[in-house]
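User: Please take a close look at one part of this model: the connections in the backbone, followed from there into the packing. Keep it to one continuous account.

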Amino acid sequence: MSKKILILDDSEDILEVMKEALEMEHYEVEVLNYTDDICKAALSANADLVILDYILFGINGGELCHMLKTNPATAHIPVVMVSAYPRVLESLGNYGSDAFIAKPFNLSDVIDTVNHCFLTAGDDVAHMDMV
């Protein structure tokens, strides 16, 4: 069964490129350019991982990440933040994200980061099974 990824970015071009690259890696991908409820969107998509742009129309993607990470229903979902402004993210904290990708990015960086997040999440699950 393939993993499901939800991508939220207000750039249609970035959504299209990321979706295509991740689908070529056999992930199921759902894209959104806006949501008023990120937790509902992640649960509705049955997302195994969420990729969030930091600068979104009308809201800070970091705040959306924080919402995901503090909601018990979605806290387990790895979140990858993407931004052209890494210094802003450094100064404000990572909002609980599991990884960060700076724009502009290589698609191989996106794929490697997503794969790493799934491997790390798998380690956590395996560790929890052993406890």
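Analyst: Helices and strands here are DSSP runs, a helix having at least four residues and a strand at least two, and they are numbered from the N terminus. The model is a predicted one.

With that numbering, His-26 falls in the loop between α1 (12–24) and β2 (28–32). Its phi is positive, about 75 degrees, although His-26 is not a glycine. The relative accessible area of His-26 is 63%, and the cut-off for exposed is over 50%, so the residue counts as exposed. Asn-46 is another non-glycine residue with a positive phi, about 55 degrees. Asn-46 sits in the loop between α2 and β3. At a relative accessible area of 49%, Asn-46 is classed as partly exposed.

A further loop, between β7 and α5, holds Pro-104. The peptide bond that joins Lys-103 to Pro-104 is cis, with omega about -5 degrees. Pro-104 is exposed because its relative accessibility is 81%. From Pro-104 to Pro-78 the C-alpha distance is 21 Å, and the two are 26 residues apart along the chain.

On the far side of that loop comes helix α5 (residues 107–130), which includes Thr-113. Thr-113 has 18% relative accessibility and therefore counts as buried, the cut-off being under 20%. Apart from neighbours within four places in sequence, Thr-113 touches Val-80, Ala-99 and Ile-101. Of these contacts, Val-80 belongs to β6 (79–83), while Ala-99 and Ile-101 belong to β7 (99–102).

Loops also supply an aromatic pair. The structure has 2 aromatic pairs. In the one formed by Tyr-54 and Tyr-95, the ring centres are 6.2 Å apart and the planes stand at 45 degrees, so the pair is classed as tilted. Distant parts of the chain are linked in this way, since Tyr-54 is in the loop between β3 (49–53) and β4 (55–56) and Tyr-95 is in the loop between α4 (86–92) and β7, 41 residues away. Tyr-54 has a relative accessibility of 2% and is therefore buried. Tyr-95, at 23%, is partly exposed.

From here the packing can be followed to helix α3. In α3 (residues 61–70), the buried residues are Gly-61, Gly-62, Leu-64, Cys-65, Leu-68 and Lys-69. Viewed down the helix axis, they fall within an arc of 155 degrees, so they line one face of α3. An α-helix has 3.6 residues a turn, so residues three or four places apart point the same way. The partners of the buried residues of α3 are β1 (4–8), α2 (38–44), β3, β4, β5 (59–60) and β6.

Leu-64, one of the buried residues of α3, also helps to line the largest cavity. The model has 1 cavity of 30 Å³ or more, and the volume of the largest is about 50 Å³. Along with Leu-64, its lining consists of Leu-8, Asn-33, Tyr-34, Thr-35, Leu-56, Phe-57 and Ile-59. By class, the lining residues are 6 nonpolar and 2 polar, with no charged residue. Several lining residues lie in strands that pack against α3, including Leu-8 in β1 and Ile-59 in β5.

Conventions
Residues are numbered from 1 along each chain as its sequence is written. This is a predicted model: local features need pLDDT of at least 70, side-chain atom pairs count only at pLDDT 80 or more; totals for chains, interfaces and linings use all residues. Side-chain values use heavy atoms; hydrogens and water are left out. Rings of Phe, Tyr and Trp (its six-membered ring) pair if their centres lie within 6.5 Å; planes under 30 degrees apart count as stacked, over 60 as edge-to-face and the rest as tilted. Buried means under 20% relative accessible area, exposed over 50%, partly exposed in between (1.4 Å probe, protein chains only). Contact means heavy atoms within 4.5 Å. On a 1 Å grid over the protein atoms alone, a cavity is a set of points where a 1.4 Å probe fits but cannot get out, and a pocket is an open set with protein on both sides within 12 Å along at least five of seven lines; lining residues have an atom within 4 Å of a point. Grid points are joined across faces, edges and corners, and a volume is the space filled by probe spheres set on the points. Ala, Val, Leu, Ile, Met, Phe, Trp, Tyr, Cys and Pro count as nonpolar, Asp, Glu, Lys and Arg as charged, and the others, Gly among them, as polar. The arc is that of the directions from the helix axis to the C-beta atoms.
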